[in-house]
Amino acid sequence: QVWQFKRLEELHLRNLGMGSLLILLPFCPELKALTLKYSLRSDEAAPNLTDSLFLKIFDKNKFQNLQKVEIWCKSLSIRTAEWFVRNCQELRSLKSLGAWNTNEEEQVALWREGRRREPYPVEIDF
């Protein structure tokens, strides 16, 4: 039942498909730590994990309490990372950005933005 996820504070998942994330993440408003791990081998891309999927999730859950995000997934771009940094005011840590579909210039720009953010800077790890 969905109501059981409402008080969930930590979620660590591996190789979970898009449909499952769409069912789960919108209903975890109290989440403080989110870890998603997918294989980084080129022949095992994350199943349908995209920026547009996360936009749908963000539309339903603003992750107001989220403090730590670690996502190992090369199909997400800087757009999703920017959303976390710009919209999750409690966010303190965004890890594994180097595993995303981002270039060094984008990573450095977001790192700078995270360091300057008020009231809490975001530590961005590549």
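**Stop 1: helix α2**

Start by selecting residues 51-60, which form helix α2 in this predicted model. Now colour Leu53, Phe54, Ile57 and Phe58: these are the buried residues of the helix. Turn the view until you look down the axis of α2. From here the buried residues fall within an arc of 135°, so they line one face of the helix.

Next, pick a second colour for Leu55, Lys56, Asp59 and Lys60. These exposed residues sit on the face of α2 turned away from its buried side.

What covers the buried residues of α2? Show α1 (18-24), β2 (33-37), β3 (68-72) and α3 (78-87), as the cover includes these four.

**Stop 2: Phe54 and its contacts**

Stay on α2 and select Phe54. Which residues is Phe54 in contact with, leaving aside its neighbours within four places in sequence? Add Leu25, Leu36, Leu49, Ile71, Leu76, Thr80 and Phe84 to your view, and you have them.

**Stop 3: the largest nonpolar core**

Phe54 also leads us to the largest nonpolar core, which has 35 residues. Select Leu21, Leu25, Phe54, Phe63, Ile71, Phe84 and Leu94, the residues that touch the most other members of this core. Then bring up β1 (10-14), α1, β2, α2, β3 and α3, the elements that give two or more residues to the core. Which element gives the most? That is α3, with five residues.

**Stop 4: two positive phi angles**

Now for some backbone details. Most residues other than glycine have a negative phi, and the next two selections depart from that pattern.

Go first to Asn15, in the loop between β1 and α1. Its phi is near 55°, a positive value, and Asn15 is not a glycine. If you show the surface here, you will be looking at a partly exposed residue, as Asn15 has a relative accessible area of 47%.

Then move to Ser96, in the loop between β4 (93-95) and α4. Ser96, which is not a glycine either, has a positive phi of about 65°. Is Ser96 buried or exposed? With a relative accessibility of 3%, Ser96 counts as buried.

**Stop 5: a cis peptide bond**

For the last stop, select Glu118 and Pro119. Most peptide bonds are trans. The bond from Glu118 to Pro119, however, is cis, with omega near 0°. To place it in the chain, show α4 (104-116) and β5 (123-124): Pro119 lies in the loop between them.

Methods:
Residues numbered from 1 in each chain as written. Predicted model: local features only at pLDDT ≥ 70, side-chain atom pairs only at ≥ 80, totals over all residues. Heavy atoms only, no water. Buried < 20%, exposed > 50% of the residue type's maximum accessible area, 1.4 Å probe, protein only. Arc of directions from axis to C-beta. Contact = heavy atoms within 4.5 Å. Core = buried A, V, L, I, M, F, W, Y, C linked by side-chain atoms within 4.5 Å.
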